[in-house]
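Here's a quick walk through one model, from its sheet to its metal site. Have the sequence and the structure open as you read.

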Amino acid sequence: MPAYAVIGGQWGDEGKGKVVDYLAQRADMVARFSGGNNAGHTVINELGEFKLHLVPAGIFWPQVTCIIGNGVVVDVDVLLGEIDELRGRGVDVSRLWVSDRAHLIMPYHTLLDALEEGARGQGALGTTGRGVGPAYVDKVARIGIRVGDLLDLDRLYPRLEYVMRQKNALLTKVYERPPLSLEEVFEQCRRWATRLAPFIGQVEYAVQKALHEDKRVLLEGAQGSLLDLDYGTYPYVTSSHPTVGGAAIGLGLSPRHIQEIAGVFKAYTTRVGSGPLPTELKDSVGEQIRKIAREFGATTGRPRRCGWFDGVAAHYSATVNDFTSVILTRLDVLDNFPSVKVCVAYEVDGKETDQFPSDVSVLERCRPVYKEIPGWHLPTAGMTRLEDLPEEALAYVRLLEKVIACPMSFISTGPHRHEMIQVNNFL
Ligand code: GDP
Ligand code: IMO
Ligand code: MG
């Protein structure tokens with residue numbers, strides 16, 4: 001019966017990879033349901049450090065079946081590269097399945113992502129440039145190519161011919177770029193088909209079977225709730241649904257199966273790419289956080305924008321997902337600050353509000369109202385027991401629980417698998 005969702009509570013990069021790698025020891029299945037290789041999930045365990053973009057972070061546990069669901073968009077070259085790397089480092093990938101309903105990121109999607117960003121000029125979204133947005137556009141426009149299409153190349157050819165006629169018109173007439181060769185793209189599909197075929201399946205059956213056999217299914221969120229196409233800071237969002245609703249659609253499971261929903265939050269705020277970030281610190285404190293935490297994107301290497309914990313945004317995210325618990329990460333990054341701040345309200349147009357505005361132009365005008373509490377001078381890094389936390393760090397944790405209005409289940413105190421404090425049950 002139970003599925004357990006692990007959802008990014010902020011703007012992505014909260015540490016979902018670390019958390020899922022840790023929790024997967026108790027799981028039978030780990031499934032990705034949204035996004036594509038715009039995600040970069042860092043895992044550090046006894047095999048070393050991994051940056052996973054498509055393969056679920058449960059792959060390191062031998063009892064875990066890993067699923068890439070229909071809601072994911074798949075760049076096959078990236079997936080095959082990841083499979084090769086994992087194999088090369090001694091990880092068994094025979095338990096990996098990709099939904100035949102998942103859409104492919106095609107070469108024209110990656111090209112168009114860059115060209116569309118260029119055309120937006122000052123208004124660029126700061127996408128990861130991986131073709132994710134354009135692939136979802138085609139899915140909704142019903143001209144997408146799906147993983148399952150690779151299994152019938154004769155049927156794929158005329159479809160690809162039709163789609164590429166449109167894409168090449170766009171490339172040449174709107175963007176004044178050379179067209180892509182249909183034959184070359186088709187050949188690429190042929191190569192993909194040969195290598196990917198053993199991994200392709202109708203995975204919704206496997207997911208349903210696991211749930212009905214009372215197996216534990218962990219749903220691995222990608223991105224963060226505030227990047228959700230509907231609930232995020234539109235248009236500065238990604239093109240899928242990182243919120244928990246995306247898990248039902250993106251894997252073919254009923255919401256009734258989801259028993260627990262954990263929101264992963266880092267102890268402060270970061271964002272990579274454009275869009276409002278009310279608690280952003282453009283001063284030396286922000287720089288200090290970025291340096292200590294090495295806040296550079298796992299996918300693009302871009303510096304992440306840093307700021308204090310945004311309680312208004314976090315509470316909103318907890319509300320739209322109905323989080324049953326919070327998993328706090330990177331508490332150790334705040335070790336040694338004389339004081340720490342949490343944004344508890346916004347001030348906008350002379351009024352105070354605890355609501356997260358839906359309009360980015362309003363959010364841009366929001367000024368954070370902070371509660372400041374003393375920092376802690378004893379390191380929390382690597383701690384595994386709640387009772388060992390310095391009093392001030394515990395007070396910070398309790399303050400976050402209060403502003404998010406949700407209890408903690410785990411606190412992560414370092415990037416390695418074992419650096420974790422269990423506070424309450426999750427799975
Ligand atoms: P994800 O996209 O949510 O999986 O997060 P990323 O992997 O993009 O970024 C999270 C970063 O924080 C990675 O470099 C992790 O190794 C690191 N990390 C995760 N949890 C902790 C923690 O508790 N403490 C510290 N210091 N680093 C952490
Ligand atoms: P993980 O799973 C952080 C951001 C991009 C950009 C916006 C749109 O590692 O947390 P896209 O390429 O999706 O069209 O870009 O979304 N973005 C992420 N930021 N972590 C991610 O994934 C992200 N995936 C997309 O930076 O602002
Ligand atoms: Mg990431």
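What follows looks at the sheet, two helices that pack on it, a metal site and one loop residue.

Keep in mind that this is a predicted model.

Let's start with the sheet. It's an open one of 10 strands with mixed pairing, and the order runs S9-S7-S5-S2-S10-S1-S11-S15-S19-S20. Strand S9 (200-201) and strand S20 (420-422) sit at the edges; each has a single partner strand, so one side of each has no neighbour in the sheet. At the S20 end, strand S19 (residues 408-412) runs antiparallel to S20, and three bridges hold the two together. One residue pair to look for there is Ile411 with its bridge partner Ile421 in S20.

Two helices pack against these strands. H7 packs on the sheet and touches S1, S2, strand S5 (65-68), strand S7 (96-99), S9 and S10. H1 lies across S1, S2, strand S10 (217-220), strand S11 (258-266), strand S15 (325-329), S19 and S20. Their directions against one strand each are set out below.

| Helix | Strand | Angle between directions |
|---|---|---|
| H1 | S1 | about 160° |
| H7 | S5 | about 135° |

Now have a closer look at H7 itself. Which residues of helix H7 (residues 203-212) are buried? They're Val203, Glu204, Val207, Ala210 and Leu211. These residues cover an arc of only 125° around the axis, so they end up on the same side of H7. Turn to the other side and you'll find Tyr205, Lys209 and His212 exposed. After H7 comes Asp214, with a positive phi, near 65°.

On to the metal. What coordinates the magnesium ion (ligand 3)? Asp13 (OD) and Gly40 (O) do, at 2.0 to 2.2 Å. This pair links distant parts of the chain, 27 residues apart: Asp13 belongs to the loop between strand S1 (3-8) and helix H1 (16-23), while Gly40 belongs to the loop between strand S2 (29-32) and strand S3 (41-45). Gly40 has a relative accessible area of 11%, so it counts as buried.

Last stop: Thr128, which you'll find in the loop between helix H3 (107-120) and helix H4 (132-140). Is Thr128 buried or exposed? It counts as buried, at 19% relative accessibility, because the cut-off for buried is under 20%. Setting aside neighbours within four places in sequence, Thr128 is in contact with Asn38, Thr300 and Arg302.

Technical notes: Residues numbered from 1 in each chain as written. Chains lettered and ligands numbered in written order. Predicted model: local features only at pLDDT ≥ 70, side-chain atom pairs only at ≥ 80, totals over all residues. Heavy atoms only, no water. Buried < 20%, exposed > 50% of the residue type's maximum accessible area, 1.4 Å probe, protein only. Helix = DSSP H or I, 4+ residues; strand = E, 2+ residues; numbered from the N terminus. Arc of directions from axis to C-beta. Donors = N, O, S within 2.8 Å, 3.2 Å for Na, K, Ca; no water. Contact = heavy atoms within 4.5 Å. Pairing = 2+ DSSP bridges. Axes fitted to C-alpha atoms, helices over the stretch in contact; angles between N-to-C directions.
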